[in-house]
Amino acid sequence: METIISQGIIESYFGKLSSCLQLDAAIVGGGPSGIVCAYYLAKMGHKVALFDRKLSPGGGMWGGAMMFNDIVVQDEALPIIDELGLAHKPYRNGTHIVDSVHATAGLLYRATQAGAIVFNCYSVEDVVYKQGRVGGVVVNWTPVLREGLHVDPLTLASKVVLDATGHDCEIARTVARKNGVSLATPTGGVIGEMSMDAAEGERTTIDNTKEIYPGLFVSGMAANGVSGSFRMGPIFGGMLMSGKKVAELMSAAIRSLA
Ligand code: 48F
């Protein structure tokens with residue numbers, strides 16, 4: 001029995017990993033925007049994998065605000081909440097309350113059910129960069145990086161890559177720094193986020209969700225981070241809508257490359 005258990009996991013896991021060596025979309029970061037993007041891309045029939053450096057993907061959604069585990073969403077995001085089957089209760093001024101554990105677990109369930117493959121404990125440390133285009137992700141075990149071990153990574157090719165790494169905008173920073181290229185932001189670089197303005201931050205998150213370099217898209221807080229807009233705290237409608245918008249943009253890009 002012990003051998004069967006080990007063999008089952010090894011055969012299944014490495015089959016899954018092998019099936020992801022050539023992706024349509026690689027999503028870096030399993031916060032709400034990345035997971036929603038994974039859900040919609042998988043639903044559209046694309047081969048999509050999501051990488052998160054943590055053991056438990058979900059980013060900043062599990063903890064609500066200050067670990068008070070409820071989040072707020074606004075009316076505009078309700079079609080997504082309803083499509084994903086998440087329970088919510090109306091609050092004031094066009095807002096609704098969602099249990100953050102229910103929301104995060106629900107997003108992960110629906111994305112994987114739709115066919116997205118999630119690799120947890122994977123850190124994306126670089127991208128594939130060829131002929132002026134981002135074309136894949138360079139991954140390593142998070143524990144390898146945390147221990148500072150000198151171990152080379154693996155590479156997975158992808159037609160498009162999403163930076164959904166949240167406040168740090170890690171992938172956009174890496175692409176700009178290592179390759180000396182100009183991004184589609186007001187300065188051409190990663191500007192960094194501004195202080196709190198919930199309404200404005202929510203609005204600009206959607207506007208700033210775009211392709212910032214050939215093959216590289218940004219969503220969620222990373223979208224505002226690269227373009228120098230506001231943070232917004234524990235209101236999550238913008239994250240969900242950004243994830244949906246970027247899935248549509250990425251799908252169009254994938255189809256144009258086919
Ligand atoms: O920060 P995060 O939740 O991203 P988001 O989708 O949502 C932002 C909100 O949670 C919140 C907010 C709400 O209004 O402002 O902050 O923009 O999740 C980002 C995820 O990316 C992972 C990280 O572990 C987290 O789960 N991550 C970051 N860098 C890497 C990464 C990396 N280099 N490789 C893999 N995962």
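Two strands count as paired if DSSP finds at least two bridges between them. The legends below show close-up views of a predicted model.

**View 1. Strands 3, 5 and 4 form an open sheet in the predicted model.** The order of the three strands is 3-5-4, and the pairing is antiparallel. Strand 3 (70-74) and strand 4 (89-90) stand at the edges, and each has a single partner strand, so one side of each is left without a neighbour in the sheet. Strand 4 pairs with strand 5, residues 95-99, in the antiparallel sense over two bridges. Lys89 has Ile97 of strand 5 as its bridge partner.

**View 2. Strands 11 and 12 form a hairpin.** Strand 11 covers residues 210-213 and strand 12 covers residues 216-218; the two pair in the antiparallel sense over three bridges. Tyr213 stands opposite Leu216, a residue of strand 12. Two residues lie between the strands, and in this turn Gly215 has a positive phi of about 90°.

**View 3. Strands 7 and 8 pair in the antiparallel sense.** The pairing of strand 7 with strand 8 (residues 133-141) runs over seven bridges. Tyr122 stands opposite Trp141, which belongs to strand 8. The hairpin of these strands has two residues between them, and Gln131 takes a positive phi near 45°. Strand 7 also appears in the views of the ligand, since this strand, with three residues, gives the most to the shell around the ligand.

**View 4. Polar backbone atoms of Pro32, Arg53 and Val124 approach the ligand.** The contact at Pro32 involves an oxygen atom of the ligand, 3.4 Å from a polar backbone atom of that residue. At Arg53, a polar backbone atom is 3.1 Å from a nitrogen atom of the ligand. At Val124, the distance from a polar backbone atom to a nitrogen atom of the ligand is 3.0 Å. On its own, the ligand has 720 Å² of accessible area, and the protein covers 93% of this.

**View 5. The ligand sits in the largest pocket.** Elements that give two or more residues to the shell around the ligand are helix 2 (32-43), strand 2 (48-52), strand 7 (122-130) and helix 8 (220-227). In total, 27 residues surround the ligand. The closest of them are Ser33, Asp52, Gly60, Met221 and Gly233. Sorted by class, the shell holds eleven nonpolar, twelve polar and four charged residues.

How values were computed:
Residues numbered from 1 in each chain as written. Predicted model: local features only at pLDDT ≥ 70, side-chain atom pairs only at ≥ 80, totals over all residues. Heavy atoms only, no water. Near = heavy atom within 4 Å. Polar contact = N/O pair within 3.5 Å; in protein donor to acceptor, adjacent residues only side chain to side chain. Areas by Shrake-Rupley, 256 points an atom, 1.4 Å probe, with all protein chains shown as cover. 1 Å grid on protein atoms, 1.4 Å probe; cavity = no way out; pocket = protein on both sides within 12 Å on 5 of 7 lines; lining within 4 Å. Sits in = over half its atoms within 2 Å of the grid points. Helix = DSSP H or I, 4+ residues; strand = E, 2+ residues; numbered from the N terminus. Nonpolar A, V, L, I, M, F, W, Y, C, P; charged D, E, K, R; others polar.
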